[in-house]
Every structure is written in structure tokens, then in C-alpha cells.
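Here are a few exercises to work through with the model open beside you. Each one sets a task, and a solution follows step by step.

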Amino acid sequence: MGSPVAVIEAKRAKGAMGEEQLSSFPPPSLDRDAKRREDHDLVERTRRGEMEAFEALYRRHSPAVFGLALRMLQNRADAEDMLQEIFLQAHDRLPSFEGRSAFGTWLYRLSVNRCLDHLRSRGAKEQSRTEPLTYEFSGRVSTVGLRGLELERAIGELPPSSRAAFLLHHVAGFDHKEVGEMLGIAVGTSKSLVHRARTRLKEVLAR
Amino acid sequence: MTDEHPEIERLNEYLDQGLDPRDHRPLETHLSRCEECRRTLEELSAIVHAASELPEVAPPERIWESIAASLIERKSLSRRSSRWRSALLPALAAAAALFVGVSLWLVLRTGEAPTAADPEALAYMVTEELKAAESHYDKAIVGLEQIIAQNDGVLPQELASVLNQNLDLIENAIGESRTAIATEPQSTAAQESLLQALRSKVTLLQNTILLINEVRKGQGDNALDLIDEMRKTPVPNAPSNPI
Amino acid sequence: MKNTILTTTLAALLVASSAWAQREERFNRTLDVGPDAALSIGNIAGDIHVEGGPGSSMVIDAVKSVEDEGDAELLKSVDIEVSQLGNRVRVSTEHTGKGRRHRDHDGNVSVSYRVKVPKGTEVEIQSVSGSVLLVGVAGAANAQSVSGDVRVTDVSELVQAKSVSGNVEVLRARSGRHADIESVSGEVLVEDIEANEVTVSSVSGDVRLQGVSSQRASLESVSGDLEYTGSIAASGRYDFQTHSGDVVLTIGDQVGFELEASTFSGEIESDFTLKTTRAHTGRRLSAVVGDGSAFIEASTFSGDVRLLRR
């Protein structure tokens, strides 16, 4: 008999989530101001009824929002639902968005407040830690390594307000004034919440 | 006072460069002598640094699809045009409630649904992508079947029989899937079944050709290497997944 | 087929020696190959047993036999060819057609092989209608038959175990690569396998996996059931696809997983309390158990999906 012949099979290639983006949009500019202008333009087009423009906004901002939702809600299922609700609400409220602040800031404000509402309505106690999200982040911690993973877990131990302030300030990069405006608190309170968060995180990580 | 350990709040302030400059010197002196406080400061700093590197997280694609579906439903509901108040409307609403997948993109692209007043129109659109995948498979299958037909009688009767029985089984699966899609075009389970069945058919046909090749080699038939012929038949590698 | 050979051999032994001598022909060869040998053995009719053991030589025992006394001269028509190049040995069974009196009389000449090889040998077996048994080798293991059963046990580097109409059984196998275990109409049973990735499939037979330790496992069938009993690895990927069969998963809850289960006309049942991430629309279920670190996809068209707790 002849030598074995490798069977050529049509193998199904599936990515981690099994999906791929349906279309590609030009990536957002690295320049912050240019990015804001692009967002502004997309908002205008969305208001005129262009679905593609809204999708572009989703593509640009959903990773950040999803990250926030995951870390705030500490629950993947809730975060997915929340992401959907946030963008639907954003779409609804776009007509009233005046453009005084950047779209991203406006979106973050909407997002963090919805997350806080969700957490508070459930009761912080009921928000049990049965689903630590380490798996979600494990594929992406590159430069930070194990430290990042530990940090993700530790963030889940922060009470809602300090968690929100910490994420907005240190992860999303807003200054205390912006954080204050988003959360409806004074600048000093934001600072205090962030410091409290850092102290608590240090304790948790030291365990 | 200067040698007492500072409150952690002071260290936090210092880290933020929010401490009164006059207080820097005493604090720094203490830090130079105190390992514990230095470590505390380092830890706080590490937390800040690590936090700034925490990544964004790409959400699953189906979330966008759900959002888009909801938006379409809202859009259609808000239209005044009578042609939307047709049988198509409940179909669109149904689509919005379920996973629809790639099909939705087509709706978004065209901006509005077709004017046909029957649910079949939506069903047609919904399966556009699926049909594209199907036609790729069908082409591959035709090519492979041709090679097999050209070598009729090469395989021993029993073997050919087993292969044919299994091919029939797969054909049934294909038929069932197609019927299911016709009745429930939005069902991803049905679409997935069809693609899976087509894949199975291609695999079996390829295996059949390999066997034919082996038999021919065994018979000293070096005339045609079917493997090369088979390779020329383009087979979809990564079929589009409706999810 | 193998039963026929066994019966033939036994029957032959009971018959008078002269008749016995006519219906069978023995073949024996011993080769010095060293510990890292490679064997490629092919046969058309008759079983092939290859067993790994100590030592550095390869011992090939073969018995050519015919069913009917009258076909004795057909024994000449089959040649056993052994070629060796360094430590690589090739054994092939050539049906030359010599000594055939009646062209249309398709006499059954079968060759039964028993081969002992050094443990580290790389083995590749190809049979058409005989069964295949491969035991105890540490080199790359590749066993195929067309209509015979294939059984592979105690191997360290499984590459392939396949049959078209025969059953395939793999026990106590390890593989550092992608192990492929398939049949078309036969049943496939895999027990105690540790592989980097394992694909197990049958078109019309059932597929059963037990005691699996793998980062990635893929089970497929068209009409057969798929059963998986074992552990899952955190961040592992497991997919199960059948058309009319059921998918039955029996797993522990030590490792959390994300589940995507779907059936078109069947049912989805679970022992686990599933936190559904998507509403149970029709017969589709997305859920997370524990921390959702592994990913399980179970799809069937008309069968059921059952998730049982160990």
C-alpha cells in the first residue's frame, strides 16, 4: 500500500468569540482633538439618520464602555446587557446632546451612572462576588502581567462610589473636575474617593 | 513629628503631587530612612500605573446586532409610510427580538426593507450571507463529485455502499436544515446545521477521493494523482458564522 | 473479518497437517532497528497487530491463509515485502495476481500480521479490510483501516486513529499534538486521553469521550450522539456538533464555563443552575457557570442537549 496521505479537511476556523467585525471603519485618530472632531461629525450624521455613523461610534467607544461596565458590575452577563442599554439610551438621547462636552465624556457619564444605578438598586450586598472576571482579562494583560489580573480582582472589592471614581480617574483618565461633574460630586470628594480606593486596593493586594 | 510615619493619605497626596511643597522635604527625609513607607508609596504608585494600563475590552459582536435590531424596530415603528404597516412589520419585530446575525447588516446598508409586503422578503434578505456560503460549498461539492464520478467502479462494492449510505444521511441532514430555514429563516440553529452538514459532505467526498486514490495506487495505477485534482477544488475554509 | 481469520487459523490447526500446510504460509523476519525506529505497514485483507516492547529489534510474524483448500495456490499470489533503510522499515502486502487459475474467482487470501517493535518506534498502519491493533508505542502513532476496527491503546503520541466503516477505540492515549480520531459509519470511543487538541468524529456512529484532558476538543457527528464525560480546562474550548444526535455533557463544576447551546427542534436540559446571559429564545441558550473561563458550544439540529453534573 502506498504511504499515508494526509486527509485534507475543511476545518472550521473560529475566533475566541466566534465573530468577526462586519465592516471596517477608519480607526480613530490618535490626536485627541481630531478624535473629538470625528466623533462630533459622526454624531451629526447619526442625528440625520445614518445608521452607519452610529455603528462607527459604537465601534470606537464600546470597548471602553464595556470595560467600564465589566469592572463596575463585576458580572459579564450584566455588563453585556448594560452595554446594550447604554448605547440604546445614547441613541435616544443624541438629539439632546449639545456638544459642549466631548461625546466620549458624555457617553462615559451616561455609562457610569447607569452602572451605579444598577449596583445600588440591587444592593451592594446582593451583588455577590460569585463571578470574578479574571478570565475576561486574562488574555489581554500584556505589560502588566499578573499584577493587572490581581488588580482587576481587587477592584471588585471596592464599594461602588470609590470604584467608579477610581475607574474614571485612573483607568479612563478623567481629571477630578470631570469625575466630579460626571458623578455629581465635588472635586475634593472625587479626590478623596480615589485615594480611599487606592488605599483599599493596596490592602487587598497585600493579602 | 517628621519621623513619625505619615498617614497614608499624605502619601496619596504626595503621589498626586498635591502636597504642599513645604511639606515635601520632611516627608522625603522620612522616606529616605523608612523602608516601610517607601514600600507603601511604591505600592500605591504601582497601583496607579497598573490601572492606567488596564485594557479596554472588545464586546461580543452579537451585542451590536441586538442594538441594531432594536434600532431598526424603533425606526420602522416611527415611520408613517403605509408600506411598512404590512406583514413585514411583525417579521422585522421578530427579527429584532432574536439573534439575526449578518443579515441585519444588509438591512442597515440598504437603509430600508424591500417593498414586498410579505415576510418572505425578509427571509430572503436574512439568508443572503448564508446563500453565499452555501454556493461556495455547492461548487466545491460539484467539483468533488465529478472526480468521484470519473472513477466509478474503482472502489469495492461494500465500501462504496457504506460511503453512499453516509452521503445519503448527510443529504437528509442538508434537506432537513433547508426545510427548517424555509420555515424559520432567522434561526441560527438551522443555518448552522446547514453549514455543518455541507462541511460534512465535503469532508466525506474528500475522504472518498483519498480512498479511490489509494485503491488506484494499489492497482498500480499511476496515471492520475487524484490528490492534485482534489486540491484544485476550492473548498471554503472558514465559513461565515451567522453568530 | 478478524473473526474469520481466527476461525480459519484454529480450524486449520485441527485439520491434518498436510491440508494445514496447504492453506497457510508462515512468514517471519527479525530486524535490528534500534530504539528510535519507524514502521510503516500496509495490508489489504487480514489484521495487523503492532505492539511496543523492550529491546531494539523488530519482529515480524505473518500468516498468509486462504479459506478454502482449493485456493491454496493463491497463497503464491500475495507477497509480503519488507524493506529496511536504516531504522525505517516498510512492510507491504502485494497482491500480484500470480498463480490465479480462475480470473473471476476472487479467492480470499488474507495476511495476518503480529509485529513487535521497540517501544519508541513511530508506527503507521494502513489496512483495508482487516482490523488494526496498536499498543504501547511512544513514537507517533497512526492507525487506519477502511472496513476494519481500529484499536489504539497506551500510546504516547497519538496522531490518528481512523476507520471508514469500522469502529474506533482509543484508550489511554497521550498526544502533544492534535489527535484525530474518526470513523464514517462506525462508533468511536475514546477513554482516558490527554492531548493538546483532539477531534473525534463519525458520520453515522456515536461518539463517546470519557476521561479527557485537553485544552481543545471537538466532537462531530451527523446522526450519532455525542457524549463527553470528563474535566474541562480553564480557557479551554470544546465544541460539539451533531445533526440528529443528542449532545450529552457530564462535567464537574470546578472550572467555570460559558455555554452556547442550541437545538432546532430538540430540548435543552441542565443539572446546573444556569445564569442565562441571553433569554432562552426558542431553543438557544447562552449561559455562564462559575467564572465562565472555558467555552463550550453544543449544537444539534433535532437532538437534545443535556448538561449533567458529575
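**Exercise 1.** In this predicted model, find which residues of H9(A) meet which residues of H1(B), then sort the contact by class.

*Solution.* Begin on the side of chain A: His195(A), Arg198(A) and Thr199(A) are the residues of H9(A) that take part. Their partners in H1(B) are Ile8(B), Glu9(B) and Asn12(B). Now sort them by class: the contact has one nonpolar, three polar and two charged residues.

**Exercise 2.** Describe how H9(A) and H1(B) are placed relative to one another.

*Solution.* Two packed helices are described by the angle between their axes and the distance between the axes. Take the two helices in turn: H9 spans residues 187-206 of chain A, and H1 spans residues 8-15 of chain B. Their packing angle is about 115°, and the axes lie 10 Å apart. Angles of 65 to 115 degrees count as roughly perpendicular, so H9(A) is roughly perpendicular to H1(B). To finish, add the handedness: the crossing is right-handed.

**Exercise 3.** Now stay within chain A and work out how H7(A) packs with H9(A).

*Solution.* H7 covers residues 160-171 of chain A, and its axis is 8 Å from that of H9(A), at an angle of about 100°. That angle makes H7(A) roughly perpendicular to H9(A). Next, list who makes the contact: H7(A) brings Ser161(A), Ser162(A), Arg163(A), Ala165(A), Phe166(A) and His169(A). From H9(A) come Ser190(A), Leu193(A), Val194(A), Arg196(A), Ala197(A) and Arg200(A). By class, this gives five nonpolar, four polar and three charged residues.

**Exercise 4.** Turn to chain C: how many helices and strands are there, and what share of the residues is buried?

*Solution.* Count the elements to get two helices and 24 strands in chain C. Then look at burial: 54% of the 310 residues in chain C are buried. As a last step, take the contacts in chain C with a separation of 6 or more; 45% of them join residues 24 or more positions apart.

**Exercise 5.** Where in chain C does the pLDDT stay under 50?

*Solution.* Start with the average, a pLDDT of 85 for chain C, with 86% of the residues scoring at least 70. Residues 15-19 of chain C stay under 50, and the model has two contacts for them beyond four places in sequence. The pLDDT is also below 50 over residues 101-106 of chain C, a stretch with one contact beyond near neighbours in sequence. Where pLDDT is low, the predicted coordinates should not be read in detail. For the model, the scores are ipTM 0.80 and pTM 0.55.

Methods. Residues are numbered from 1 along each chain as its sequence is written. Chains are lettered from A and ligands numbered from 1 in the order in which they are written. This is a predicted model: local features need pLDDT of at least 70, side-chain atom pairs count only at pLDDT 80 or more; totals for chains, interfaces and linings use all residues. Helices (H or I, at least four residues) and strands (E, at least two) are DSSP runs, numbered from the N terminus. A residue is buried if 20 or more other C-beta atoms lie within 10 Å of its own, exposed if 12 or fewer, and partly exposed in between; C-beta atoms are placed from the backbone. Two residues are in contact if their C-beta atoms, placed from the backbone, lie within 7 Å. Axes are lines fitted to C-alpha atoms, for helices over the stretch in contact, and angles run from 0 to 180 degrees between N-to-C directions. Angles under 35 degrees count as roughly parallel, over 145 as roughly antiparallel, 65 to 115 as roughly perpendicular and the rest as oblique. A crossing is left-handed if the near helix is turned anticlockwise from the far one by less than a right angle, and right-handed if clockwise. Ala, Val, Leu, Ile, Met, Phe, Trp, Tyr, Cys and Pro count as nonpolar, Asp, Glu, Lys and Arg as charged, and the others, Gly among them, as polar. pLDDT is the predictor's confidence in each residue, from 0 to 100.
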